[in-house]
Amino acid sequence: MPDQTAVSNKFLGIIPMDGRLELTALPGVRWLFKKRWFPMAAILFNMFMFMVILLSGVVGGFSSGNYIFGIMIVWILWWVMLMMVLVPVFSRTWCMVCPLPSFGEWLQRLRVFGVNNKLFGLNVKWPERLRNMWLCNFLFLATTFCSGFFTVKPLATFLLLGGIIAIGIVLSMIFEKRSFCLYVCPVSGFQGLYSNLAMTEIRRKNPAICEKHKNKTCETGNKNGYGCPWLCKPHSLNRNTYCGMCLECFKTCPFDNMAFNLRFPGTDILVNSKRGLDEAWKGFIMMGIAIMFYVAMMGPWGGLKDWVRASTLGGWLTFVSLHASMNLLVIPGVFLVFAWLSKLASGAKDVPLRQVYVNLSYSLVPMGLAAWIAFSFGFLLPNGSYIIHVLSDPFAWGWNLFGTANFPWTPVLTRLLVPLQFITLFGGFVFAADYGFKLALQTYGDRRTAVRGFMPLLAMLMLVTILFGRLYGG
Amino acid sequence: MLKKLAITGIIVATAALFGCLAHHGWTHRYGPPAPHDQKARLTLSIPYRDTELVLDPAEVDADVWQAIEPLAVPLLQQVTQPPWPVGLTPSVNVQAFHNGREIYFKLAWEDDGSDVAMTVDKFVDACAIAFPSQPGIVPQSIMMGYSSPVYIWHWKADADAEFWNGDRPEQPDYADRRYPFEDEESAPIQRPKLQSAVMDMISARPGSLTIGPQQLAQGRGQWKDGRWAVVFKRTMVAGNDQCRVQPLTGARAAAFAIWNGGHGDRGARKSLSQWVILAPQRAPRPGGRATQSDGGGRQSSRRPERPIFRLFPSAEAADPSAPAAKEPKVINVTAQRFKYTPNVIKVHKGELITLRMESLDVTHGLYLDGYELQMKADPSSVGKITFVADKTGRFTFRCSETCGEFHPYMIGFLHVTPNSRFTMFAIAILLAGGAFAAAAVFTNRKQKGASTNA
């Protein structure tokens, strides 16, 4: 059996990864986390913003998106913030303050403020077979089929976000707790996978306290808060993937045994728990979408843009076919080849190919996130100035709320765009390679075997990084 | 049971609310739906009258107009180009007649106040008539000829006041500031003396509006009791075939636009109509009766001289006195929603490059990342930038003028070889990969040696 203890606990063999800085030990932080109005205040603020976004979508119709609040705030500000800051640094903190499932949750709880652990709704358990990322994968992929509409037409953005809210309400009435967030929300999947790389986590402090605590109120709830809405076991949580950081466990734990920690990025990638093909495919899909989005939207090929925006039905169907094939077949297939080469090179006959395939796929997490961060630079620097305009004239009605309605389109630091992208990709490669080696050690156990098995993976990571570099600036 | 009913009710209410909002958004995706569904195209009769108007103020309500039934033409908001609509002038009454030598149109519409002077944040009332300049009009006029070239007669209240009453604005000249971040960059431009209260213009597509080579249309407006009335007059026997009423070639149509300055209407923000078919009455033969035409006709035996003008300026003549300079490499780029052709340009480091851009549809811009250069072009004018390609790498050029919903993705690449940035990046990756491989092998041997010794 592979020796799990063979994995080094130092990044690049130099930087210790085991350290944790408990932020809730700081004065005021734990106090804040235990207050019921936090994060409710942030949720309500975001709720207001999303209402403006939805309204701008309804009234914006098919007008040009770069003058509409909804398009600019969602696809430039929110998406870029998610990729560049929220997920890599704060894990699933967006889920903490996300307003999209809030209506459904308030209907479940029959209240906005306060605690009511007798939840309204049918509280049906989510089907066992779907308790994974597969549905999120397909739904997210499906939304990207329509990216030529969602990211440019205000009404389409309304249909997407309004549809998510409506589905969230419906599912909240049928299934228990945050089943929608866990297994359906298109945004949830990649947040879950990429939060393994995040620099923050919520974990128990002292395992002995949890072992002695029979009631496990972090799961069941009490008068101070709800049992984990994300159906996690906070007392034994070891990965960020399905933790929505709602902070209910801080409120319900009578021993203050939960901690919000700052940590070295990516430590969850090495946690060998609940790994599966669903998460592997999520990694492939995120890489594939980054490639296709860049080629179609940020590339110079007008014919592809005509396909993406469905100038003709045939063109759009061609795009959908290519996009789906690439994400579901080509990229996983190419990775399978390298996984097979890894197993072949390692000489390890007792390690199943499936295990090699799944384990090593997590090395694509830092690579994929780096690709998305680099992609986001390409959006933010040239087009970020539109946000200043839409703040003053959110509905393109000729308002000038803050005096910035006439702020012209102003690209910023575009001469640094490609260098920034290259640096980001390089950083992603370094993380991917280091974690890839550690994953190889975990998979093969024996160091010598792992070194041999790591080489094809390293070659693949180098090729992928150079490919992205060629795409973004070559 | 009650619980299930309540849950069902919540689900149904959610779906219904979402459906209603989506329906509202869909039906209003181009602005408020038209008040009525115009299945049959309107037809404007243009009778023959043996009358000539000299555009005296009293002639706005001359007897000749009393005898002609006005056609109420419904108007829509323009929702294709910003600034987006605020108010709507719901309709305009149109009358027309001709006397065989001139054609007259009268437009009348409701307007609470006459906005005649343009200042900061104040705009003037105006109206316009557009005629297709080619046969086979596209059914929707949308942007008054969105998809087809047109001739336009554009009347403005301030031009009317200046031309007929001599009310010139205080500042005859104005400065043209093109770059908001370059405070010293401005060029004073003198305002031309008006030849008429109406400007003859031509347009291939939105953003291509150009002053016509001949100014033949005239007009006079009068605001009274909350209503504007504007009379247009134009000769039918001189110049190009802008409005050849008799005989006709192909379908003749017109569309109308109203700007209410009090609503902030200007530029693309206006109320406009769909195409209205023109049905002129032929002038009577000597001793004969006038006959109606349905919009078709024979070619005239007279062939008026077609004005000659070029859509793009001819190449500038070289100044013979200038010293011989290194000629830039000219690269012609065409811009069309939403692509450039060529979409990928390759040059060498140090080359002197002129990018010359022509637009095939609407106004487009070109902003070059890295070099931070910018230009724009529309179908009637060419944009040019000249620079030395002293930075190597791949640079994105992108559209800088909102040209439609996919505008942020209208992109091209400029490669300035050698692309040393990418080369360095690839080498860095290869070196880092090599370092990882070496470190893995080295530490493995070290551990193996340690275990052997142990």
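Me: How many residues of chain B are in contact with chain A?
Reply: The model is predicted. In it, the contact set on chain A counts 77 residues. The two chains bury about 6000 Å² between them, with 71% of that area on carbon and sulfur atoms. On the side of chain B, the number of residues in contact is 63.

Me: Which classes of residue make up the side of chain B that touches chain A, and how many nonpolar residues are there?
Reply: The charged class has 13 residues on this side of chain B. The polar class has 17. The nonpolar class has 33.

Me: Which residues meet in the salt bridge at 3.4 Å, N to O?
Reply: Across the interface of chain B and chain A there are 4 salt bridges by the rule. Residue pairs in polar contact between the two chains number 15, counting pairs with both residues at pLDDT 80 or more. The salt bridge at 3.4 Å joins the side chains of Glu405(B) and Lys153(A).

Me: Which element supplies the largest share of the side of chain B that touches chain A?
Reply: Four elements of chain B each supply at least two residues to that side: α1 (2–27), β24 (393–398), β25 (411–417) and α4 (420–453). The largest share is 17 residues, and it comes from α4(B).

Me: Is Arg29(B) buried, partly exposed or exposed?
Reply: Arg29(B) sits in the loop between α1 and β1 (43–46) of chain B. Beyond its neighbours within four places in sequence, Arg29(B) is in contact with Gly60(A), Gly61(A), Phe62(A), Ser63(A) and Leu155(A). Buried requires under 20% relative accessible area and exposed requires over 50%. Because its relative accessibility is 22%, Arg29(B) counts as partly exposed.

Me: What distance separates the C-alpha atoms of Arg29(B) and Gly267(B)?
Reply: Along the chain, Arg29(B) and Gly267(B) are 238 residues apart. Between their C-alpha atoms the separation is 21 Å.

Me: Which helix gives the most to the largest nonpolar core?
Reply: This core has 200 residues, and those with the most contacts inside it are Trp372(A), Phe468(A), Tyr472(A) and Leu355(B). Leaving aside neighbours within four places in sequence, Trp372(A) is in contact with residues including Met286(A), Ile289(A), Ala290(A) and Phe293(A). With 16 residues, the helix that gives the most to the core is α14 (residues 277–298) of chain A.

Me: How many residues are in the second, separate core?
Reply: In soluble globular proteins, nonpolar side chains tend to be buried together. Here the second core includes Ile46(B), Cys127(B), Trp228(B) and Val230(B). Its residue count is 30.

How values were computed: Residues are numbered from 1 along each chain as its sequence is written. Chains are lettered from A and ligands numbered from 1 in the order in which they are written. This is a predicted model: local features need pLDDT of at least 70, side-chain atom pairs count only at pLDDT 80 or more; totals for chains, interfaces and linings use all residues. Side-chain values use heavy atoms; hydrogens and water are left out. Contact means heavy atoms within 4.5 Å. Buried area is the accessible area (1.4 Å probe) that two parts lose on being put together, summed over both. A polar contact is a pair of N or O atoms within 3.5 Å; within protein, one must be able to donate a hydrogen and the other to accept it, and residues adjacent in sequence count only if both atoms are side-chain atoms. Ala, Val, Leu, Ile, Met, Phe, Trp, Tyr, Cys and Pro count as nonpolar, Asp, Glu, Lys and Arg as charged, and the others, Gly among them, as polar. Buried means under 20% relative accessible area, exposed over 50%, partly exposed in between (1.4 Å probe, protein chains only). A nonpolar core is a set of buried Ala, Val, Leu, Ile, Met, Phe, Trp, Tyr and Cys residues joined through side-chain atoms within 4.5 Å.
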